[in-house]
Number of protein chains: 2
Amino acid sequence: MARMMSRPSVVPPTLADVAERAGVSRQTVSNAVNNPELLRHDTLARVQDAIAELGYLPNRAARNLRTRASHLIGLPITGVHEGTANALMDRFVHSLVETSSAAGYHVLLFPGAATGNPEEALAGYDDLLRSTAVDAFVVTDTYLGNPQAAWLTDRRAPFVAFGRPWHDPEASHWWVDVDGAAGSELATNHLLDKGHQRIAWIGWRKDSLLGEDRRAGWARALHARGLSTAGLASRVEDSVASGREASAVLLDEAHPSAFVCASDTLAMGVLHTLADRGLRAGHDIAVTGFDDSQVAQVVPPGLTSVRQPLEDVAVEVVRALKNLLGPPSSEPRGVLLEPTLVVRASS
Amino acid sequence: MARMMSRPSVVPPTLADVAERAGVSRQTVSNAVNNPELLRHDTLARVQDAIAELGYLPNRAARNLRTRASHLIGLPITGVHEGTANALMDRFVHSLVETSSAAGYHVLLFPGAATGNPEEALAGYDDLLRSTAVDAFVVTDTYLGNPQAAWLTDRRAPFVAFGRPWHDPEASHWWVDVDGAAGSELATNHLLDKGHQRIAWIGWRKDSLLGEDRRAGWARALHARGLSTAGLASRVEDSVASGREASAVLLDEAHPSAFVCASDTLAMGVLHTLADRGLRAGHDIAVTGFDDSQVAQVVPPGLTSVRQPLEDVAVEVVRALKNLLGPPSSEPRGVLLEPTLVVRASS
DNA sequence: TGGCAAGATTGGAACGATCCAGAATCCGCG
DNA sequence: CGCGGATTCTGGATCGTTCCAATCTTGCCA
């Protein structure tokens, strides 16, 4: 059956074809597509019929040329870090594709700062923009000292950041972020409610403002109950090995009954240490992670983790994009979303 | 400093601008960019200087319009399955972006068969193609009964599949795949070499040809050593829960000393069962997975897993794309790559 | 019924590149 | 020195759409 429907590989119909068929001018067809409210009822119907009969679809290249827009959003693909549990992007990318598609945009992937110096990589952004390959960017790697945001702002490149402008609170670009402090506070309070008193923190190096933010939530929760944080925090790099070492040291020196971690990767390190010592997560020692990665979902016995509302982030990012590319608006340029806690057997 | 370099937001230079500056015609500049060998040495140099001075970049929309090509490759994003350990696509997408970028292509993401009936989703493919949004597709979900390949072939849509045409060995489209049987054979032989005699298989439902292929490798390895497979195989759906149940049953009824699984997800299920029973993976019972997902890398004590050479797959996919979009070639249309085994502490 | 503004429709020009055919230049050789 | 052919360069036409300004209809009221 499908075979009978197979189209010969002819050239697709154009505006002119539709116009002829409907007995109107090209411009009228164009209006029928882009500004239907300009047409009289009966004309609109006639044109729409013709469009349907011919299976007309506007040629994107031509439209892009004329309107100087591509309706594409550039998303740099950053390096996959072996050994970390970050499937975070997977979920975000998926949500972003869905949401932006509904808004008439498609997502264009391109190599981000994969290799070499950042200057060179950023030049790639500029090329995409100048060649009208993309209308705007969505950037996610707003880590310590990443020059992206400042550079893009400087070049007047339209972009939305997933991540706050930590180093420049005055930054005027659009951003969406998740409240990390609230997240670790959620996790910590959950443990406190379970009766834990000595709750350790394993986070990132002090120069990671994102890490310090998440840490603040842990500290806030402890202080709120009159508990001290002294000696209970460790700051390392984001790897399983680091989490493993840090938790071993903390167990020996501070005797915590629970760990709150800045990432699932670090939490996995804790699980390693527990396994090494014959301790059972959730039974002997409680552990929580951050990101609700697939690892957290499938690892025995199940890792309690802070889940970022990536679907909502995507929605907000697209909203920001629309504001960015549309007429100037006075909406707030930064949005902070609240994470949730997914409780599993590790706590 | 950077601020001083900021460009005013002027219109980018066009071919005509470069032509004027270099004192040649538009066409000559076009040739300098696309067919440099047509120019005399000195003219080429002069034009290239002008290009560099003005920072000229061809306008993609205009080029696409004229050449009827977009230099974009469509990659449908399929649903994220919660609870499975499939970060496979992450790695593949990354490789594909890198490789195709080097070949002058960019990757366009769009919602695949996310919701509803496949017919509707496939119509989305057609739209992209007809509106000249993409030149070709890369499809990955060639699972049981997926109509994609046949449908795309029918519509004469150019595409390359990651995955063999299981249901139609005569299919004439381009594809790249990884030898699953060889993968499980690798894993099984590894266990046999370690002295295991009773090695169980946990795979997918029998109607998954991909699953049966992987299973065949396990059976082949056992038979090669004169061992029987009787009672040692279980076929379930791809979830942690299924792997958990299947392994529990197998442990009770067949008393295997090792498990070879068709996916990391199933292997995680086995790890759950082992944890339930106080058994230690790699010590009491050996386990191997398939895909070398991030989960395999970070879970204690480390999951031995078959790793697909996704980087090579991407290279082959791009090679196929070039053949597909370029002049007809007589290269073979199917490529089968060999996986490797990543040994960790679970075996 | 004439006048007029609002509404609906139209045709030419433009976006910036490449295709194509023809013109100019170069080169070697009789 | 002139000629033919290869090499190099050029200008107009074109891809399919939207912008723009102008024209044609319509509806309303005096």
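**Notebook: a sheet, a chain contact and two DNA strands**

I began with the open sheet of chain A, where I found six strands in the order β7-β6-β8-β9-β10-β12 with mixed pairing. The model I am reading is a predicted one. I noted β7 (233–236) and β12 (340–342) of chain A as the edge strands, since each of them pairs on one side only. With direction ignored, I read an average turn of 20° between neighbouring strands of this sheet.

I then looked at one pair within the sheet, and found that β10 (residues 304–307) of chain A and β12(A) are antiparallel partners over three bridges. In this pair I located V306(A) opposite L341(A) of β12(A).

Next I asked which helices pack on the sheet. Helix α8 (residues 180–193) of chain A does so by touching β6 (199–204), β8 (258–261), β9 (286–290), β10 and β12 of chain A, and its direction makes about 170° with that of β8(A). I also traced helix α9 (residues 209–224) of chain A, which lies across β6, β7, β8 and β9 of chain A and runs at about 170° to β6(A).

I turned to the contact between the chains, to which chain A gives 56 residues and chain B gives 56 residues. On the side of chain A that touches chain B, I listed the elements giving two or more residues, among them α5 (88–102), β2 (106–111) and α6 (118–130) of chain A. I sorted the residues of that side by class and wrote down 29 nonpolar, 15 polar and twelve charged. Here I also saw β2(A) pair with strand β2 (residues 106–111) of chain B in the antiparallel sense, over three bridges, and I noted V107(B) of β2(B) as the bridge partner of L109(A).

In chain B I examined helix α1 (residues 15–22) and α2(B), which pack with their axes 8 Å apart at an angle of about 100°. Angles of 65 to 115 degrees count as roughly perpendicular, and α1(B) and α2(B) are therefore roughly perpendicular to each other. From α1(B) I recorded L15(B), A16(B), V18(B), A19(B) and A22(B) in this contact, and from α2(B) I recorded R26(B), T28(B), V29(B) and S30(B).

Last, I looked up the DNA. Around DNA strand C there are 25 residues, of which T43(A), T14(B), L15(B), S30(B) and A62(B) come nearest; by class, I noted ten nonpolar, ten polar and five charged. Around DNA strand D I found 26 residues, with T14(A), L15(A), S30(A), N59(A) and T43(B) nearest, and these divide into eleven nonpolar, ten polar and five charged.

Note on methods: Residues are numbered from 1 along each chain as its sequence is written. Chains are lettered from A and ligands numbered from 1 in the order in which they are written. This is a predicted model: local features need pLDDT of at least 70, side-chain atom pairs count only at pLDDT 80 or more; totals for chains, interfaces and linings use all residues. A residue is near a molecule or strand if its C-beta atom, placed from the backbone, lies within 6 Å of it. Ala, Val, Leu, Ile, Met, Phe, Trp, Tyr, Cys and Pro count as nonpolar, Asp, Glu, Lys and Arg as charged, and the others, Gly among them, as polar. Axes are lines fitted to C-alpha atoms, for helices over the stretch in contact, and angles run from 0 to 180 degrees between N-to-C directions. Helices (H or I, at least four residues) and strands (E, at least two) are DSSP runs, numbered from the N terminus. Angles under 35 degrees count as roughly parallel, over 145 as roughly antiparallel, 65 to 115 as roughly perpendicular and the rest as oblique. Two residues are in contact if their C-beta atoms, placed from the backbone, lie within 7 Å. Two strands pair if DSSP finds at least two bridges between them.
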